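Here is a short report on a predicted model. Look at the sequence and the fold before reading on.

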Amino acid sequence: MFTTFRGGNTGTWQVISISPVKGETLKPVAALSITHADAISLPLLPSQTSWRLAGVASHVRYVERTEKIALVAAQAGLGRPEATHGALIPIRKNAAWWDMTQNERRRIFEDKSRHIADSLKYLPAIARQLYHSRDLGEPFDFLTWFEYAPEHAQEFEDLVGGLRETEEWSYVEREVDVRVVKAVV
């Protein structure tokens, strides 16, 4: 299943900010829509008033069995009514990251950066889904999507701030932080 994030003039989520964290930013837009489909046509072509990013939710990578069990037990699903705040954070890592073996990346991801262990304490308050884009020829390797209730906004800031201080983040060459709130109908 493909998931497409479209930044444009209309959508379920109102964009409140688009901030370049590292590298080039995305075009400013008013809204974000999210669609799921069994198939899409690639490459996704941007228009004058929008951008599109696509990814695929895949199996969880860089985890050991006990970590996967803990993640599944703690995580909340997307689409909870109280989760009216969200963030789309597309990320592209550099060639040095992709030149490493899976085991070398795992050592940095978890053994050194504690990506899973340190993130677990923010679940289930913050729901998240990772979409893989690298093999689709997209401009980012990953699209990270988060949803949370307004009272958990500081916890979300702590989560992303902590991840950005790790060794793993030193391999990021492009990251954009798109913050959204549910559009009032």
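## A serine in a loop

The side chain of S113 reaches the backbone oxygen of I108, at 2.9 Å. A polar atom of the S113 side chain also lies 2.9 Å from the backbone nitrogen of E168. The table sets out these two polar contacts.

| Side chain | Partner atom | Distance |
|---|---|---|
| S113 | backbone oxygen of I108 | 2.9 Å |
| S113 | backbone nitrogen of E168 | 2.9 Å |

Where does S113 sit? S113 is in the loop between helix 3 and helix 4. Is S113 buried or exposed? The relative accessible area of S113 is 4%. The cut-off for buried is under 20%, so S113 counts as buried. Leaving aside residues up to four places away in sequence, S113 touches I108, D118, T166, E167 and E168. I108 and E168 thus appear both as contacts and as polar partners of the serine side chain, I108 through its backbone oxygen and E168 through its backbone nitrogen.

## Helix 3

I108 belongs to helix 3, residues 102-112. R105, R106, I108, F109 and E110 are buried in this helix. Seen down the axis of helix 3, the buried residues fall within an arc of 165°, so they line one face. An α-helix has 3.6 residues a turn, so residues three or four places apart point the same way.

What covers the buried residues of helix 3? The cover includes helix 1 (65-74), helix 2 (95-99) and helix 4 (115-119). On the other side of helix 3, N103 and K112 are exposed. R114 follows helix 3 and has a positive phi, near 55°.

## Strand 7

Now to a strand. Strand 7 spans residues 142-148, and seven of its seven residues are buried, so the strand is largely enclosed by the rest of the structure. Both of its faces are covered. On one side, F142, T144, F146 and Y148 are buried. On the other side, L143, W145 and E147 are buried.

Which strands pair with strand 7? One is strand 5, residues 85-93, joined to strand 7 by seven bridges. These two strands run antiparallel. H85 stands opposite Y148 in strand 7. Another is strand 6, residues 126-132, and seven bridges join strand 6 to strand 7. This pair also runs antiparallel. Here Y131 stands opposite L143 in strand 7.

Methods. Residues are numbered from 1 along each chain as its sequence is written. This is a predicted model: local features need pLDDT of at least 70, side-chain atom pairs count only at pLDDT 80 or more; totals for chains, interfaces and linings use all residues. Side-chain values use heavy atoms; hydrogens and water are left out. Buried means under 20% relative accessible area, exposed over 50%, partly exposed in between (1.4 Å probe, protein chains only). Helices (H or I, at least four residues) and strands (E, at least two) are DSSP runs, numbered from the N terminus. The arc is that of the directions from the helix axis to the C-beta atoms. Contact means heavy atoms within 4.5 Å. Two strands pair if DSSP finds at least two bridges between them. A polar contact is a pair of N or O atoms within 3.5 Å; within protein, one must be able to donate a hydrogen and the other to accept it, and residues adjacent in sequence count only if both atoms are side-chain atoms.
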